[in-house]
Amino acid sequence: MEALPTPSGFSPKTVEKAVNALLKWRSSKLNTQKPQLLEHDEFVYLILTLKKIPHKGVSRINAYKIPLPCPLTNPLTEAPELCLIIDDRSKSGLNKDAAKKKIQNDNLPISKIIKVSKLKTDYRPFEAKRKLCDSYDMFFADKRVVPLLPKMLGKQFFKKKKIPMTLDLKHQNWKEQIDKACASALLFLRTGTCSVVKVGRVSMSREEISKNVMAAINGIAETVPRKWGGIRSFHLKLLDSLALPVYQAVPDLKLKIDGSAKEQEEDDVVAEEEDKVKEGKIGKKKGRIHEVRYMDNNDDGRVVDEDELGSDFEGDIDNHADDDVEKDSDELLNKKRKMGDNKGKGQKKVAKLKKEDGFKQKKAKNEDATKQKTIKKNALALESGGMQVKDNKKKKRLAA
């Protein structure tokens, strides 16, 4: 692919200045702090800010691989802890023993092999997933297993940006794929406009860090939608430092409104009117009404404008019109009062009717309650009378 032309606001000198400033700040910070037992190799981060949120086709779980001239993890010189997740299902045709033989023959820097079935059963608790995430520097996974991994691994892998890199284990070039993944920066485009990419280590030289930053910026510009047109800014920073700007896009001027000509014309008209008023050619318009347009139609059916009323008209309202307006307003007020009085009377009537209905309902309820009480009393009296008659009959039989 041909390299894209860099915009005018971006230059390698600004990158070198930013790298030098960050390393200088870190050295001054180490001089003031207490010395540590174990040296901590810190990363250099490149912050990408887009103009728009990437759409669904561009944003994805797997990272974009951006090649770097100086790899962050070198399996030959260093001894990184690498973990490989393989597909041990019957359809895959691959098992753990075959994978071990392949790793030994090709001398691959893989220190652990995990089967998908074991990952599903043994690493189900959250603590087990967290320990697995912290135990290894990088993770690789078979291409056929990648859709199953987000549920199995959990959110800890996504937080620490340790999502497994995809490998096509059907092909025999495992070593080339692993070397390419180790020598590339990972760009995650998700649901926001800001992304962070690791582009170097503090242990590297300044030239190596600068080369990596330039390569990462050019690679990101080729990957991102709309290329350089979709990028708002690039910043460089360490973990605890400030973000130093490396590139800032010029704001778009497409929506600029050219209203200067209209404003000048309006100002000229106002100035001419003021000059005429000062000279006495035109009298000042009284009140706030400067133009009155009557919407009453003539016999011809056309609207009467100000110019047809005569040149002496200056925007004042006649006294007759004032009287008519006052009469109309008085009539409206009287009508409103009458309507209000009628409403008040109607509401009072409604309230009275409601009260009367309430009283009637209460009376009916009381009458029903008294009727039920009398019925109960009569029933009790009848029952008691029947019992007495039976007792008298028994006494007579006994006496006989």
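Isoleucine 47 stands opposite histidine 235, a residue of strand β9, and that pairing is a good place to enter this predicted model. Isoleucine 47 itself belongs to strand β1. Its relative accessibility is 14%, so it counts as buried, the cut-off for that word being under 20%. Looking beyond the four places on either side of it in sequence, you will find isoleucine 47 in contact with Ser233, Phe234, His235 and Lys237, and also with Cys194, Ser195, Val196 and Ala243. There is a long-range relationship to trace here too: valine 246 is 199 residues away from isoleucine 47 in sequence, yet their C-alpha atoms are 9.8 Å apart in space.

Now widen the view to the whole of β1. The strand has a partner in β9, which spans residues 231-237; six bridges join the two, and they run antiparallel. β1 is also joined to β8, by seven bridges, and this pair runs antiparallel as well. Within that second pairing, leucine 46 stands opposite valine 197 of β8.

How much of β1 is buried? Eight of its eight residues are. To picture this, remember that side chains in a regular strand alternate between the two faces of the sheet. On one side of β1 you have Phe43, Tyr45, Ile47 and Thr49, on the other Val44, Leu46, Leu48 and Leu50, and both faces are covered.

From the end of β1, it is a short step to threonine 193. This residue sits in the loop between β7 and β8. Its C-alpha atom is separated by 5.6 Å from that of threonine 49, although the two residues are 144 apart along the chain. Setting aside residues up to four places away in sequence, threonine 193 touches Leu48, Thr49, Leu50, Lys52 and Ile53. Is threonine 193 buried or partly exposed? Its relative accessible area is 28%, so it is partly exposed.

Next, turn to strand β3, residues 82-86, where five of the five residues are buried. Here again both faces are covered, with Leu82, Leu84 and Ile86 on one side and Cys83 and Ile85 on the other. Cysteine 83 makes a handy landmark for the neighbouring strands. It stands opposite phenylalanine 139 in β5, and β3 and β5 (residues 138-142) run parallel, joined by four bridges. Cysteine 83 also stands opposite lysine 112 in β4; β4 covers residues 112-115, runs parallel to β3 and is joined to it by four bridges. To get from β3 to β4, the chain passes through helix α2 (residues 96-106), and this β-α-β crossover is right-handed.

If you follow that crossover, pause at asparagine 107, in the loop between α2 and β4. Most residues other than glycine have a negative phi. Asparagine 107, in contrast, has a positive phi, near 55°. With a relative accessible area of 62%, asparagine 107 is exposed. Lysine 227 likewise has a positive phi, of about 55°, without being a glycine. You can find lysine 227 in the loop between α8 (206-223) and β9; at 35% relative accessibility, it counts as partly exposed.

Several of these strands come up again at the largest pocket, which holds about 500 Å³ of space. Which of its 22 lining residues are closest to the centre? They are Asp137, Met138, Lys161, Leu186 and Lys198. At least two lining residues come from each of β1, β5, α7 (174-182), β7 (184-187) and β8 (194-201). Of these contributors, β8 gives the most, with four residues. By character, the lining divides into 14 nonpolar, two polar and six charged residues.

Finally, step back to the chain as a whole. It contains 10 helices and 10 strands. Buried residues make up 29% of its 400 residues. Among contacts with a separation of 6 or more, 74% are between residues 24 or more positions apart. The pair we began with, isoleucine 47 opposite histidine 235, is one place to see such distant parts of the sequence brought together.

Technical notes: Residues are numbered from 1 along each chain as its sequence is written. This is a predicted model: local features need pLDDT of at least 70, side-chain atom pairs count only at pLDDT 80 or more; totals for chains, interfaces and linings use all residues. Side-chain values use heavy atoms; hydrogens and water are left out. Buried means under 20% relative accessible area, exposed over 50%, partly exposed in between (1.4 Å probe, protein chains only). Two strands pair if DSSP finds at least two bridges between them. A crossover is right-handed if, with the strands pointing away from the viewer, the path from the first strand over the helix to the second runs clockwise. On a 1 Å grid over the protein atoms alone, a cavity is a set of points where a 1.4 Å probe fits but cannot get out, and a pocket is an open set with protein on both sides within 12 Å along at least five of seven lines; lining residues have an atom within 4 Å of a point. Grid points are joined across faces, edges and corners, and a volume is the space filled by probe spheres set on the points. Ala, Val, Leu, Ile, Met, Phe, Trp, Tyr, Cys and Pro count as nonpolar, Asp, Glu, Lys and Arg as charged, and the others, Gly among them, as polar. Contact means heavy atoms within 4.5 Å.
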